[in-house]
Amino acid sequence: MLALSRKTNESIMIGSDIEISILEIRGDQVKIGIKAPKNVPVFRKEIFLQIEEENKNAIAQEQSPETIKELFKL
């Protein structure tokens with residue numbers, strides 16, 4: 001992991017198209033801004049982990065074509 005120090009209104013670049021800016025520092029809380037292309041998803045980590053878990057559950061619950069046919073009596 002790379003650890004960098006930044007002050008308010010300073011930025012970090014990731015590649016040439018993602019910019020992380022420090023907007024505000026108040027006590028132990030830091031407000032950041034992220035500029036990234038629309039095709040780059042940006043999530044808080046806890047939300048990202050929930051999405052991953054939901055995707056795993058959805059894959060585990062996929063049904064075979066035979067099961068689906070039986071459900072609809074096709």
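Strand 2 and strand 3 form a hairpin with two residues between the strands. In this predicted model, G27 of that hairpin takes a positive phi near 65 degrees. Strand 2 covers residues 18–26 and strand 3 covers residues 29–35. The two strands run antiparallel, and seven bridges join them. One residue pair can be named here: the bridge partner of I20 in strand 3 is I34.

**S21 in strand 2**

S21 has its place in strand 2. Is S21 buried or exposed? Its relative accessibility is 15%, so S21 counts as buried, because buried means under 20% relative accessible area. The side chain of S21 makes a polar contact with the side chain of S11, at 3.0 Å. When neighbours within four places in sequence are left aside, S21 is in contact with E10, S11, K31, I32 and G33. Of these, K31, I32 and G33 fall within the residue range of strand 3.

**I12 in strand 1**

Strand 1 spans residues 11–14, and I12 is found in it. I12 has a relative accessible area of 24% and is therefore partly exposed. Which residues does I12 touch, leaving aside its neighbours within four places in sequence? They are L4, R6, I18, E19 and I20. I20 is also the residue whose bridge partner in strand 3 is I34. I12 and F72 are 60 residues apart along the chain, and their C-alpha atoms are separated by 54 Å.

**Salt bridges**

Side chains of opposite charge can pair when their charged atoms come close. How many salt bridges does the count come to? The count comes to four. The table lists three pairs from among them, with the N to O distance and the relative accessible area of each residue.

| Acidic residue | Basic residue | N to O distance |
|---|---|---|
| E10 (28%, partly exposed) | R6 (37%, partly exposed) | 3.6 Å |
| E24 (24%, partly exposed) | R26 (60%, exposed) | 2.3 Å |
| E46 (43%, partly exposed) | R44 (54%, exposed) | 2.7 Å |

In the pair of R44 and E46, the side chains meet at 2.7 Å. R44 is exposed, with a relative accessible area of 54%, while E46, at 43%, is partly exposed. Elsewhere, salt bridges that share partners join E24, R26 and K31 into one network. Within this network, the side chains of E24 and R26 meet at 2.3 Å. R26 has a relative accessible area of 60% and so is exposed, whereas E24, at 24%, is partly exposed. K31 also appears among the contacts of S21.

The salt bridge of E10 and R6 has an N to O distance of 3.6 Å. Both residues recur in the contacts described above: E10 is in contact with S21, and R6 is in contact with I12.

**Helix 2**

Helix 2 is made up of residues 65–72. How many of its eight residues are buried? The number is zero, so helix 2 lies largely in the open. F72, named above for its C-alpha separation of 54 Å from I12, falls within the residue range of this helix. Helix 2 is followed by K73, whose phi is positive, near 55 degrees. A positive phi was also given for G27, near 65 degrees, in the hairpin of strand 2 and strand 3.

Terms used. Residues numbered from 1 in each chain as written. Predicted model: local features only at pLDDT ≥ 70, side-chain atom pairs only at ≥ 80, totals over all residues. Heavy atoms only, no water. Helix = DSSP H or I, 4+ residues; strand = E, 2+ residues; numbered from the N terminus. Buried < 20%, exposed > 50% of the residue type's maximum accessible area, 1.4 Å probe, protein only. Contact = heavy atoms within 4.5 Å. Pairing = 2+ DSSP bridges. Polar contact = N/O pair within 3.5 Å; in protein donor to acceptor, adjacent residues only side chain to side chain.
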